[in-house]
Amino acid sequence: MTQPVLGILTLYLNDAGALEERDYYRRMTEEGRRLGIDVFVFTPEDVHYKRNRIRGQFYHPDTRSWHKKWTDFPDMIFDRCRIQRSHRFEQLLKFRARYPSETFLNRPLRNKWTIHSLLAKDARFSPYLPATRYYESVQDVKEMLRVHSQLYLKPINGTGGRGILRIEKERDGLLLIQGRNHSRRIIQPKRMNAGQLGDFLAGWKVKDTRYIVQQGLQLKLKNGRVHDYRLLVQKDGSGQWQVTGCAGRVGAAGSITANLHGGGRAVKMDILLRSWIGDEAKMAKIKEDVERFGVSVAQYLELCYDALCELAVDIAIDRKGRIWMIEVNPKPAREVFIRAGESDVYRSAIVKPLEYALWKYRSMKTRDSSDEKTD
């Protein structure tokens, strides 16, 4: 019996064919070999639509090298494509439209605003959501500032902290604006009065880019750096959602986000919680609630959006121990665990999608066999 084949669908970062997660794909290939599943990587550019063939990239652990070769479509596709403003993303949309009946382990989610709106409709999740509204004009920001002393403005399709602004009311009535530009660089802090805010946001192209305005949370540690947590929820080898791990992230100096790509560092959850909350019994309760919340979000979003196999739920925990959801990431990186010194969790985070793919493949084969007997 031939081994099942998993194709990892991704996008080139540029026209030179660079891949962002090549080391992760290498690890998946190596782990797949141990489990009995063949793995290769491809992009929409590598598909021959007339022949329905793929020029895939294969990693060879024996020689530690990659090479390309033509191959058939895989049994299953693991979509790792993130949003790009490029012709490559248009090719991805064409691919998804051309091959909707292929077996995908995961389907794309919608933007931050749509997911927030969806979760807000369910009474189980609304208590975890910061106040949020879609940005129509500067009036949205001014109205929210009457209630909240701190706000975040986020592109609805942004990743990695790009283009995020934080607006804080200061005691003298001025507004302090900090953030990162669309290249992820930290901008020089600016102070202005409310009357100047409209022109600033117009120059930031908030309206054109499409933003949400969100209640800010007080998450600064004693050293002034912000922190949050990356919760990874994945399907296991029996098709069930489980929490693989949760790690803390501490932002770089001067950063309004804790993203690792923005210079943040990873910390074990217990270490960060202990310094923030202190009470061990309270910490245990928080961790239980975090796990239950993460699994519930994954189950709910899968009902809404079809097939999913993993999600990162980025959360914050305030001084009172209340859990807040910052955002959901359907294409999560997992380096936070290795950087936090949790190598076992990191390996599990790589292996889980493969174990789930094997389970899904066997389930499909069993179903096909039953259908043949019925016929």
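This report describes an antiparallel sheet, one arginine within it, a phenylalanine in a loop, and two cysteines.

The structure is a predicted model, in which local features need pLDDT of at least 70 and side-chain atom pairs count only at pLDDT 80 or more, while totals for chains, interfaces and linings use all residues. Residues are numbered from 1 along each chain as its sequence is written, and side-chain values use heavy atoms, with hydrogens and water left out.

**The sheet and its helix**

Helices (H or I, at least four residues) and strands (E, at least two) are DSSP runs numbered from the N terminus, and two strands pair if DSSP finds at least two bridges between them. An open sheet is formed by 5 strands in the order 15-14-13-16-17, with antiparallel pairing. Strand 15 (265–268) and strand 17 (323–329) each have a single partner strand and stand at the edges, so one side of each is left without a neighbour in the sheet. Direction ignored, neighbouring strands of this sheet are turned by 35° against each other on average; axes are lines fitted to C-alpha atoms, for helices over the stretch in contact, and angles run from 0 to 180 degrees between N-to-C directions. Strand 14 (residues 241–250) is joined to strand 15 by 4 bridges, and Val250 stands opposite Arg265 in strand 15. Helix 7 (residues 269–276) packs on the sheet, where this helix touches strand 13 (227–235), strand 14, strand 15 and strand 16 (310–317), and its direction makes about 85° with that of strand 15.

**Buried residues**

The residues tabulated here are classed by relative accessible area, where buried means under 20%, exposed over 50% and partly exposed in between (1.4 Å probe, protein chains only).

| Residue | Relative accessible area | Class |
|---|---|---|
| Phe125 | 1% | buried |
| Cys309 | 2% | buried |
| Cys81 | 4% | buried |
| Arg249 | 7% | buried |

Arg249 lies in strand 14, and its side chain is joined to that of Asp314 by a polar contact of 3.4 Å (a pair of N or O atoms within 3.5 Å; within protein, one must be able to donate a hydrogen and the other to accept it, and residues adjacent in sequence count only if both atoms are side-chain atoms). Phe125 is placed in the loop between helix 3 (112–120) and strand 7 (132–134); leaving aside neighbours within four places in sequence, Phe125 is in contact (heavy atoms within 4.5 Å) with Leu119, Phe293, Ser296, Val297 and Tyr300.

**Cysteines**

With a disulfide taken as a pair of cysteine sulfur atoms within 2.5 Å, the count comes to 0 disulfides. The closest cysteine sulfur to that of Cys81 is in Cys309, 13 Å away, which is too far for a bond.
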